[in-house]
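Open the model in your viewer and keep the sequence panel beside it. The tour below goes stop by stop, with something to select at each one.

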Amino acid sequence: MNNVVERVEVKAYRIPTEEPESDGTCLWDETVMVAVHLYSKGVRGFGYSYAHVSAATLIRDRLGEIVRGRDPFDIPSCWLALNGALRNLGDAGIGMMAVAAVDAALWDLKARLLELPLVSLIGAARESVPVYGSGGFTSLTVEKLQRQLAGWVERGIGRVKMKVGRDAGADPERVAAARRAIGPHAGLMVDANGGYARKEALRLARIFAEQGVTWFEEPVPHRDREGLRLVRDLAPEGMEVSCGEYGFNARYFLDLLRDGCVDVMQADAARCGVTGFLEAAALCRAWQIPLSSHCAPALHLHLCCAAAPVRHLEYFHDHVRIERMLLDGVIEPRDGALFPDLWRQGHGLSLREDEAKRFEIRPL
């Protein structure tokens, strides 16, 4: 008898942040994890995304029916069917985050049925992936900002990223304060989350370069491909422009590459799916552009070790905290890198359901 997905379970969990947080264009005080379990022959696959509770509702009411009864080994077939279900709902945003959670569970289930770690199923390109510490929210005081960034460097993480873009007048001093905290040798990256206009971004790029900033993420809104190309072309030597976290499909990544918008592409498997992440990696390899994962560090570990163009993995403060709280199998950085546990099947993660229960959102 062929393997089939026999049962689909989905739950959503609302986890408050430690304090209200902000970046260049958004404020938040909670994160929602949408968790999916798929069952086949007594084996359970686990996937998740960071989304909205409505993604869980879509999985319960529609996507679960599509994947139930399908062979989890036939992930391309499942991928096409899940994406096809979004035709009249929109193929980006909440719908794709729901697909991403199911897709992650499918990959995990397939690897577990084969009794393999996920990186071995896909095929390893490297044994570990470098990480960078990410946080530095605009809501933090300068003192908290310095303490957070310096803490990562003290732990052996040689690159750190901070948020900018909310107050262009204050950003240069915040970046200078960050540099003082981490010392002259650690890599310093900034993320504006689309908070600047084109010429403002260029002016600040020159100022940030004086503090040794080598990475300028989403300096203008991500849909402004002409603006991204402008900043990329005119940024100081040694400063890379990155974007891609809002990519939900291969066409989005292709457009950024074809229009010359990025020095480094980003992709987020919690938004574009494991399958979509691997598609983005294939495009990056063809265009000879490096790739970096966005957020959800535990979800990306095996993928980043498998995808050849990957440069590093984002070790994002909020998601590190949630994954440590709610997941078993989370790996801690060693010498500035993450090494997958090859003794664990699938992506090596499992949900601590008793711990997660206090955050569960009811009803979906």
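## The whole chain

Start with the surface. The accessible surface of the chain comes to about 14,800 Å². Carbon and sulfur atoms account for 49% of that surface. Keep in mind throughout that this is a predicted model.

Switch to cartoon. The chain has 13 helices and 14 strands. Draw a box around the C-alpha atoms along the principal axes: roughly 65 × 40 × 40 Å. The radius of gyration is 20 Å, and a compact globule of 364 residues would have one near 21 Å, so the chain agrees with that expectation.

Now colour by burial. Of the 364 residues, 58% are buried. Then turn to contacts between residues at least 6 apart in sequence: 71% of them join residues at least 24 apart.

Colour by charge next. There are 44 positive and 49 negative charges. Their mean positions are 2 Å apart.

## The nonpolar core

Which residues have the most contacts inside the largest nonpolar core? Select Ile 59, Phe 208 and Phe 277. The core they belong to has 124 residues. Helix α3, residues 94-113, gives the largest share of this core, with 12 residues.

Stay on Phe 208 and show its surroundings. Beyond its neighbours within four places in sequence, Phe 208 is in contact with Val 164, Asp 171, Pro 172, Val 175 and Val 190, among others. The list also includes Tyr 196, Val 213, Phe 216 and Met 239.

## A helix inside

Select residues 297-306, which form helix α11. Is this helix enclosed or open? All 10 of its 10 residues are buried, so helix α11 is largely enclosed by the rest of the structure. Step through them: Pro 297, Ala 298, Leu 299, His 300 and Leu 301 are among the buried residues. His 302, Leu 303, Cys 304, Cys 305 and Ala 306 are buried as well.

## Two positive phi angles

Go next to the loop between β10 and α11, where Cys 295 is found. Phi of Cys 295 is near 55 degrees, a positive value in a residue other than glycine. Cys 295 has a relative accessible area of 6%; that is under 20%, so it counts as buried.

Now move to the loop between α10 (269-287) and β10 (291-293) and select Gln 288. Phi of Gln 288 is also positive, near 60 degrees. Is Gln 288 buried or exposed? It is exposed, with a relative accessible area of 72%.

## Strand β2

Select Val 32 in strand β2, residues 27-40. Val 32 counts as buried, at 8% relative accessibility. Which residues does Val 32 touch, leaving aside neighbours within four places in sequence? Ala 12, Tyr 13 and Arg 14 are among its contacts. So are Ser 49, Tyr 50, Ala 51, His 52 and Val 53. Ile 361 is in contact with Val 32 too.

Add a distance from Val 32 to Cys 304. These residues are 272 apart along the chain, and 24 Å separates their C-alpha atoms. Cys 304 is one of the buried residues of helix α11.

## The start of the chain

Select Asn 2, in the segment before β1 (7-22). Asn 2 counts as exposed, at 58% relative accessibility. Leaving aside neighbours within four places in sequence, Asn 2 is in contact with Lys 41 and Asp 71. Draw a C-alpha to C-alpha distance to Pro 72: it is 9.6 Å, across 70 residues of sequence.

## The end of the chain

Select Ala 356 in helix α13, residues 353-356. Ala 356 is buried, with a relative accessible area of 0%. Leaving aside neighbours within four places in sequence, Ala 356 is in contact with Tyr 13, Leu 326 and Leu 351. Tyr 13 is also one of the contacts of Val 32.

Add Lys 11 to the selection. Lys 11 and Ala 356 are 345 residues apart in sequence, yet their C-alpha atoms are 9.9 Å apart.

For the last stop, select Pro 363 in the segment after α13. The peptide bond from Arg 362 to Pro 363 is cis. Its omega is near -10 degrees.

Key:
Residues are numbered from 1 along each chain as its sequence is written. This is a predicted model: local features need pLDDT of at least 70, side-chain atom pairs count only at pLDDT 80 or more; totals for chains, interfaces and linings use all residues. Side-chain values use heavy atoms; hydrogens and water are left out. Helices (H or I, at least four residues) and strands (E, at least two) are DSSP runs, numbered from the N terminus. The radius of gyration is taken over C-alpha atoms; the globule rule is 2.2 Å times the number of residues to the power 0.38. Buried means under 20% relative accessible area, exposed over 50%, partly exposed in between (1.4 Å probe, protein chains only). Contact means heavy atoms within 4.5 Å. Accessible areas come from the Shrake-Rupley method with a 1.4 Å probe; for residues, only the protein chains shown count as cover. Lys and Arg count as positive and Asp and Glu as negative; His and the chain ends are not counted. The place of a charge is taken as NZ of Lys, CZ of Arg, CG of Asp or CD of Glu. A nonpolar core is a set of buried Ala, Val, Leu, Ile, Met, Phe, Trp, Tyr and Cys residues joined through side-chain atoms within 4.5 Å.
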